[in-house]
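Q: Hey, can you walk me through a protein structure? I'm new to this, so plain words please.

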Amino acid sequence: MSPAGEPQSAPRPKVPVIEVEGLVSRFGEKVIHKDLDLTVNQGEILGVVGGSGAGKSVLLNSIIGLKRPDGGTIKVFGQDLTRANRRSRGAVERRWGVLFQQGALFSNLTVRENVSAPMYEHTDMSRQAIRELSDLKIAMVGLPPDAGSLKPAELSGGMRKRAGLARALALDPELLFLDEPTAGLDPIGAAAFDELILDLSRSLELTVFMITHDLDSLYTITDQVAVVADKHVVATAPVAELEHSDHPWIKEYFLGPRGRAAAAAAAQDKRTVA
């Protein structure tokens, strides 16, 4: 019973959004992943970390269909994408958005046209409705109104990231993939982008799969962190639990000088909020 005498509600059951089982990835004779398992639950922000060459981007590309797995299964929203036909896969793909590391914006289109492109491709909305919704997405990611008429080359690095995020959100996805979202940003810009991702994930009830090497991001916004090493996921846990891991790479990553600094900063932020 709660202090007020009312029964406490039971915790919400975890609903898997991404289920990767026994993933095998190869490039020729080189094995990138072997028997890799990973589950991402609805509403979580999952950070994916690993050393250079560990296969983080290969994992992302395998999930979104840019690389065909050499073994194993990948389910998103319960649909086995390794066996789905084009129509079934397309229905699932419309439920996710992707922000690639460099934004992957069309250089010859304005920001508004970039954000509009998925709507023209996948909806029957009028031109006016698409324009209004595109401007709403642009505002949602913190860009000024005049940014919509600019080309990507006219934007700063941080603004390009936000423009790419606006396009990733164009179809109101339930699942958001982020590939190194704060790479190349200064500390202030990176912190602001982290806060934006956290706010959007809460307000839009997004599930987020985020590849990152940014320790501040991991401490600030993730619910779980998956560590890719030795060709598979060696641990999935909150950062606080990973700090106690005996795995050599995890210990070096989270308990090295940068990891200790990020942990101290996160602890200070929590004290300030309290």
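Q: Okay, is F254 buried or exposed?
A: F254 counts as buried, at 1% relative accessibility. Buried means under 20% relative accessible area, exposed means over 50%, and partly exposed is in between (1.4 Å probe, protein chains only).

Q: Before we go on, what kind of model is this?
A: This is a predicted model, where local features need pLDDT of at least 70, side-chain atom pairs count only at pLDDT 80 or more, and totals for chains, interfaces and linings use all residues. Residues are numbered from 1 along each chain as its sequence is written, and side-chain values use heavy atoms, with hydrogens and water left out.

Q: Back to F254. Which residue does F254 form an aromatic pair with?
A: With Y219, and the pair is edge-to-face: 6.4 Å centre to centre, with 70° between the planes. Rings of Phe, Tyr and Trp (its six-membered ring) pair if their centres lie within 6.5 Å; planes under 30 degrees apart count as stacked, over 60 as edge-to-face and the rest as tilted.

Q: Where do Y219 and F254 lie?
A: Y219 is in helix α7 (residues 215-221) and F254 is in helix α9 (residues 248-255), so the pair ties together parts that are 35 residues apart in sequence. Helices (H or I, at least four residues) and strands (E, at least two) are DSSP runs, numbered from the N terminus. Y219 is buried too, with a relative accessible area of 14%.

Q: And what about W249 and Y253, why is that pair called stacked?
A: Their ring centres are 4.7 Å apart and their planes sit at 15°, so the pair is stacked. W249 and Y253 are four residues apart in helix α9, which separates them by about one helical turn. W249 counts as partly exposed at 23% relative accessibility, while Y253 is buried at 17%.

Q: Which residues form one aromatic cluster?
A: Y219, W249, Y253 and F254 do.

Q: Who else touches that corner? Say, what does L218 touch?
A: Skipping residues up to four places away in sequence, L218 touches G47, V49, T212, V225, V239, Y253 and F254. Contact means heavy atoms within 4.5 Å. L218 sits in helix α7 and is buried, with a relative accessible area of 1%. L218 and G47 are 171 residues apart in sequence, but their C-alpha atoms are 6.4 Å apart in space.

Q: Switching topic: how many strands form the open sheet?
A: Six, in the order β6-β7-β8-β3-β9-β10, with mixed pairing. Two strands pair if DSSP finds at least two bridges between them. The edge strands, β6 (96-99) and β10 (232-237), each pair on one side only. From one strand to the next, the twist averages 15°.

Q: How many bridges join β9 to β10?
A: Five, and the two strands run antiparallel; β9 covers residues 224-229. In that neighbourhood, A229 stands opposite H232 in β10.

Q: Which helix packs on the sheet?
A: Helix α1 (residues 56-64) does, touching β3 (45-50), β6, β7 (175-179), β8 (207-211) and β9. The direction of α1 makes about 145° with that of β8. Axes here are lines fitted to C-alpha atoms, for helices over the stretch in contact, and angles run from 0 to 180 degrees between N-to-C directions.

Q: New one: in the largest nonpolar core, which residues touch the most other members?
A: L165, L176 and L178, out of 31 residues. A nonpolar core is a set of buried Ala, Val, Leu, Ile, Met, Phe, Trp, Tyr and Cys residues joined through side-chain atoms within 4.5 Å. The largest share of this core, six residues, comes from α6. There's also a second, separate core of 27 residues, which includes V48, I64, W96 and I211.

Q: Last thing: what lies over the face of F77?
A: R95, at 3.8 Å from the ring centre. Likewise, the charged end of K67 sits over the ring of F27, 5.0 Å from its centre. A charge sits over a ring if NZ of Lys or CZ of Arg is within 6 Å of the ring centre and within 35 degrees of the ring normal. F77 also takes a positive phi near 55° in the hairpin of β4 and β5, which has two residues between the strands.
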